[in-house]
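Please take a moment to look over the sequence and the model before reading on. The paragraphs below then lead from single residues to the chain as a whole.

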Amino acid sequence: MMKPLQTSSKRIQSYFPAFAGWVCFMAYVGCSPEEQSIALRLNDVPGHKSQWQIHNTSEQEVAFSLQLDSILFLDRAALSRHIKRNAATPEEQIRLAWKIICDYTFNSFSTHARYIHAPEMLISSLGHGYCDDMASALALLWQELGFKARVWYLQGHVVPEVFRNGKWQMYDPDLGLYFTDDNQTTLSVEAIARGEATAVVQNQTSFPLRSFSPLPFHLEKYTTKSDNTPNTWFTDSVPNLDTRFRLPGKGSVSCCYTIPSQPLSSFLKLHLPKGARGAVHIPLLLSSPAPATEVALMVSAQAPPWPIEHPLAQDTDLYFQVNPIWHTLKELKISSPYLDNLRWSVLNIADEKAPLLSRPYALDLERFAAFCHYFKSQPAPVSLETLPEIFQSFQKQIGSWSPEMQKNFDLRYSLVSKIALASAKQEVIRQQLNGDLFSLFLILDYYLITYPTDLLPSLLKTHFKL
């Protein structure tokens, strides 16, 4: 049940020294209003989530910028300055840029729009994409930092490289890892293809490659040398986006909204009043436009702004995708020379039925290595019937078992069992469970714990061909 707990609303009046206009006049130059800022605290109430709104009270368009927790909505140049302030050496800057892409994005497909390759768009708006989106964004961010960078197409995987100390180095932002040789040197794509990799590094921890199969790391894709090539398509013609919002007169933006059918997505709503004209300039990925605006708005794969060809005949709401991490942010900073034309509010909402937001699944090599070691002690072949015992034994061994995990497992296992028992392909299931250790690890560590239950039937259909 949704219950509003508290609201806060505030309006600031602009302040300019009385002599400012006189000085400008005497100097015969134009004066622009000074930039002002206000910071709003978010998610300060335990057990509640914050929803905020910014409303333009004037009849004219107002431009403003947002900054969330000192990182989201920074444009490319500001992202570069942020990295340089927090990383002293070139090596540290290279890895911090890589870490930012890794930490703020996850693997899931959403769009073919080229402008999602812009790092400011990928991080702030979507928060997820395929390997090419992450590789392109990281290469562009490295270039903004002053490094030479490029993107490789590997016939089934895409990775970026950065040039440092006379050598290319590959950091995979999609998998969150890189490869080294016996001398702990970070390797290039070509060196990996030559078989020089002896270790894989994740979260500053190095693991011997011999401990794993090559499947989780796409190593087989590096060896298809005839198909691998650096490709400038991934970075060329990607716009350097204007991250300012331009809110039409009497319009408003509010955030954040979730939709049950899209559990990995969150949305910002733009409200356009009847008669709105001009253009929509929201530095986010436009989701499906409302039917009433499909004619009025020329929406395409191009980056904003999108022109409103005719004044809107009625009030209209548009939805834009935002990184799901917005739900967890602690501070929203609004900046504009026209702050006195804006009103804002924060609503803290209690929703007992809403699940806590958790980061989408990412491969944890430390857990995977522990599973590989554990599995060697299992004498019997894996079957559908032995999965519960293996699950609980493994989770307890690594110290991550909990009643909640067991409950989630039991729910999904019950569904999987019913579908599997109704299938005649029992041998296919047994072969799949015993055919690859990585797939079995994903089943026990992800699919039967956190994977959306309603999507499991389609997963079984595609993966096990049931």
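**A walk through the predicted model**

Phe 212 is a good place to begin, since this residue is buried, with 9% of relative accessible area. The model is a predicted one, and in it Phe 217 likewise counts as buried, at a relative accessibility of 0%. The rings of Phe 212 and Phe 217 form an aromatic pair of the edge-to-face kind, with 5.5 Å from centre to centre and 80° between the planes. A pair of aromatic rings is described in just this way, by the distance of the centres and the angle of the planes. The pair of Phe 371 and Tyr 374 is tilted, with 6.2 Å between the centres and 35° between the planes. Phe 371 and Tyr 374 lie 3 residues apart in helix 8, so about one helical turn separates them. Phe 371 is buried, at a relative accessible area of 0%, and Tyr 374 is buried as well, at 2%.

These rings belong to a wider group. One aromatic cluster is formed by Phe 179, Phe 207, Phe 212, Phe 217, Tyr 222, Phe 368, Phe 371, Tyr 374, Phe 375, Phe 394, Phe 438 and Phe 441, and the structure holds 30 aromatic pairs.

One member of that cluster, Phe 394, leads on to helix 9, which spans residues 387-397 and has Leu 387, Ile 390, Phe 391, Phe 394 and Gln 395 as its buried residues. These buried residues lie on the same side of helix 9, because they cover an arc of only 120° around the axis. Which helices help to cover the buried residues of helix 9? Among what covers them are helix 8 (365-375), helix 10 (403-421), helix 11 (426-435) and helix 12 (437-447). Just after helix 9 comes Gly 399, which takes a positive phi of about 75°.

A second helix can be read in a similar way. In helix 2, which runs over residues 76-86, the buried residues are Arg 76, Ala 78, Leu 79, Ser 80, His 82 and Ile 83. The buried residues of helix 2 pack against helix 3 (90-104), helix 4 (119-126) and helix 5 (131-144).

The strands come next, beginning with strand 2, which covers residues 36-41. Which residues of strand 2 make up the covered face, and which the uncovered one? Gln 36, Ile 38 and Leu 40 form the covered face, while Ser 37, Ala 39 and Arg 41 form the uncovered one. In a regular strand the side chains alternate between the two faces of the sheet. Strand 2 runs antiparallel to strand 21, and 6 bridges join these two strands; within this pairing, Ala 39 stands opposite Lys 333 of strand 21.

Strand 21 (331-336) also marks one end of a loop, for His 327 is placed in the loop between strand 20 (316-322) and strand 21. Although it is located in a loop, His 327 is buried, with a relative accessible area of 14%, a value that falls under the 20% limit used for the word buried. The side chain of His 327 makes a polar contact, at 2.8 Å, with the side chain of Ser 266.

Strand 7 (residues 148-153) pairs with strand 8 (residues 158-164) in the antiparallel sense, over 6 bridges, and the bridge partner of Arg 150 in strand 8 is Glu 161. The hairpin of strand 7 and strand 8 has 4 residues between the strands, and in this hairpin Gln 155 takes a positive phi near 55°. Strand 7 also pairs in the antiparallel sense with strand 13 (residues 229-230), over 2 bridges, where Tyr 153 stands opposite Thr 229 of strand 13.

Val 280, which lies in strand 17 (residues 278-280), shows how sequence and space can be set side by side. Val 280 and Pro 307 are 27 residues apart in sequence, and their C-alpha atoms are 6.2 Å apart in space. Val 280 is buried, with a relative accessible area of 2%.

Finally, the chain can be viewed as a whole. The chain has 13 helices and 22 strands, and 47% of its 466 residues are buried. Of the contacts in the chain with a separation of 6 or more, 71% are between residues 24 or more positions apart. The accessible surface of the chain comes to about 23,300 Å², and 54% of this surface belongs to carbon and sulfur atoms.

Conventions: Residues numbered from 1 in each chain as written. Predicted model: local features only at pLDDT ≥ 70, side-chain atom pairs only at ≥ 80, totals over all residues. Heavy atoms only, no water. Buried < 20%, exposed > 50% of the residue type's maximum accessible area, 1.4 Å probe, protein only. Arc of directions from axis to C-beta. Contact = heavy atoms within 4.5 Å. Polar contact = N/O pair within 3.5 Å; in protein donor to acceptor, adjacent residues only side chain to side chain. Pairing = 2+ DSSP bridges. Areas by Shrake-Rupley, 256 points an atom, 1.4 Å probe, with all protein chains shown as cover. Phe/Tyr/Trp six-rings, centres within 6.5 Å; stacked < 30°, edge-to-face > 60°.
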